Amino acid sequence: VETPAAAGALIADEIARRIAADPETVLGLATGSTPLPVYEALPARLAGLDVSRVRGFALDEYVGIDPTHPESYRAVITREVVEPLGLDPTRVHTPNGALATIEHAGEDYERAIAEAGGIDLQILGIGTSGHIGFNEPGSSFASRTRVKTLVEQTRRDNARFFDSIDDVPMHCITQGLGTILEARHLVLLAFGAGKAAAVAQAVEGPLTSSLPGSAIQLHPHVTVVVDEAAASELT
Ligand code: F6R
């Protein structure tokens, strides 16, 4: 696509089409900057559709961050998705990063996804480290929702959302690669030259846990939407 806005329009059209066909659609929601054009394009396209039964599952959450912190992914999903789209907040879930319950938070999240019947369309960004979700290099392709340590590069990349890198949490809870691969349709978006190497390796490189995004090659239904800059290292 020529611009992130064009990608947003394309994917928002697909999401609206799905919700029109199935008002119980289950969306997999990424956070970060990449999916914002999709979320911005959605309200106009959902106008007039019944979204009261749509469900959502975020990919990940920081561990030990208060859900009311403006950069917790619970807060981001509420602000960017639930409120503007008019979704039922009780049907939109984020992994629970509270320390008190962290031991079983992964299993709880997996159970909630299974009880919803699985994810129909999973939106993905990709990190410069090659992560999808927060599955940093070394993540097993069979992994399920669990606690991970963020690599230094990801904390540097995400420092823009916080006062300083020291405020970026060290740990996260993320859907595993195995969890992500069970969604029925994966939509990976990437914009800008900073993502070019990760995109090329994910799409054309060897399947390797060193580049977790390469796991998408195992999935039978993936759509990759990139701008020229993010596509620049594809051969
Ligand atoms: C966010 C997530 C991450 C981001 C990735 C890219 O929920 O799981 O994989 O998609 O870090 O982040 P942005 O879009 O901010 O460049």
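Helices and strands, as I use the words today, are DSSP runs, with at least four residues for a helix and at least two for a strand, numbered from the N terminus. With those terms, lysine 195 can be placed in the loop between strand 8 and helix 7. I should add at once that this is a predicted model.

Good morning, colleagues. Let me stay with lysine 195 for a moment. Is this residue buried or exposed? Lysine 195 has 26 other C-beta atoms within 10 Å, and the threshold for burial is 20 or more, so the residue is buried. Its contacts beyond four places in sequence are with Ile126, Thr128, Ala190 and Ala230. There is also a pairing across the sequence to note: glutamate 233 lies 38 residues away along the chain, yet the two C-alpha atoms are 9.4 Å apart.

From that loop we pass into helix 7, which spans residues 196–204 and has Ala196, Ala198, Val199, Ala202 and Val203 as buried residues. Around the axis these cover an arc of only 160 degrees, which puts them on the same side of helix 7. Their cover includes strand 8, residues 185–190, and strand 9, residues 222–226.

I turn next to the overall picture. The protein contains seven helices and nine strands. Its C-alpha atoms fill a box of roughly 45 × 45 × 35 Å along the principal axes. The radius of gyration is 16 Å, which agrees with the value near 18 Å for a compact globule of 235 residues. Of those 235 residues, 46% are buried. As for the contacts with a separation of 6 or more, 79% come from residues 24 or more positions apart.

Now to helix 4, residues 102–115. Its 14 residues reach 20 Å from first C-alpha to last, close to the 20 Å expected at 1.5 Å a residue. Which residues of helix 4 are buried? They are Ala105, Gly106, Tyr109 and Ile113. Viewed down the axis, the buried residues fall within an arc of 95 degrees, so they line one face of helix 4. On the face turned away from that buried side we find the exposed residues Glu103, His104, Glu107, Arg111, Ala114 and Glu115. What covers the buried residues includes strand 2 (55–58), strand 6 (146–149) and strand 7 (171–174). Just after helix 4, glycine 117 adopts a positive phi of about 90 degrees.

My last topic is a pair of helices. Helix 2, residues 36–46, and helix 3, residues 73–85, have axes that come within 10 Å and cross at roughly 5 degrees. An angle under 35 degrees counts as roughly parallel, and the two helices are therefore roughly parallel to each other. Helix 2 contributes Leu36, Tyr39, Leu42, Pro43 and Leu46 to the contact, while helix 3 contributes Glu80, Val81, Pro84 and Leu85.

One residue of that contact deserves a closer look, namely valine 81 of helix 3. Valine 81 has 20 C-beta neighbours inside 10 Å and therefore counts as buried. What does valine 81 touch, leaving aside residues up to four places away in sequence? The partners are Leu29, Tyr39, Gly56, Leu87 and Val92. Between valine 81 and valine 92 there are 9.4 Å from C-alpha to C-alpha, at a distance of 11 residues in sequence.

To close, I return to helices 4 and 7: the buried residues of helix 4 line one face, and those of helix 7 sit on the same side of that helix. Thank you for your attention.

Technical notes: Residues are numbered from 1 along each chain as its sequence is written. This is a predicted model: local features need pLDDT of at least 70, side-chain atom pairs count only at pLDDT 80 or more; totals for chains, interfaces and linings use all residues. The expected span of a helix is 1.5 Å times one less than its number of residues. A residue is buried if 20 or more other C-beta atoms lie within 10 Å of its own, exposed if 12 or fewer, and partly exposed in between; C-beta atoms are placed from the backbone. The arc is that of the directions from the helix axis to the C-beta atoms. Two residues are in contact if their C-beta atoms, placed from the backbone, lie within 7 Å. The radius of gyration is taken over C-alpha atoms; the globule rule is 2.2 Å times the number of residues to the power 0.38. Axes are lines fitted to C-alpha atoms, for helices over the stretch in contact, and angles run from 0 to 180 degrees between N-to-C directions. Angles under 35 degrees count as roughly parallel, over 145 as roughly antiparallel, 65 to 115 as roughly perpendicular and the rest as oblique.
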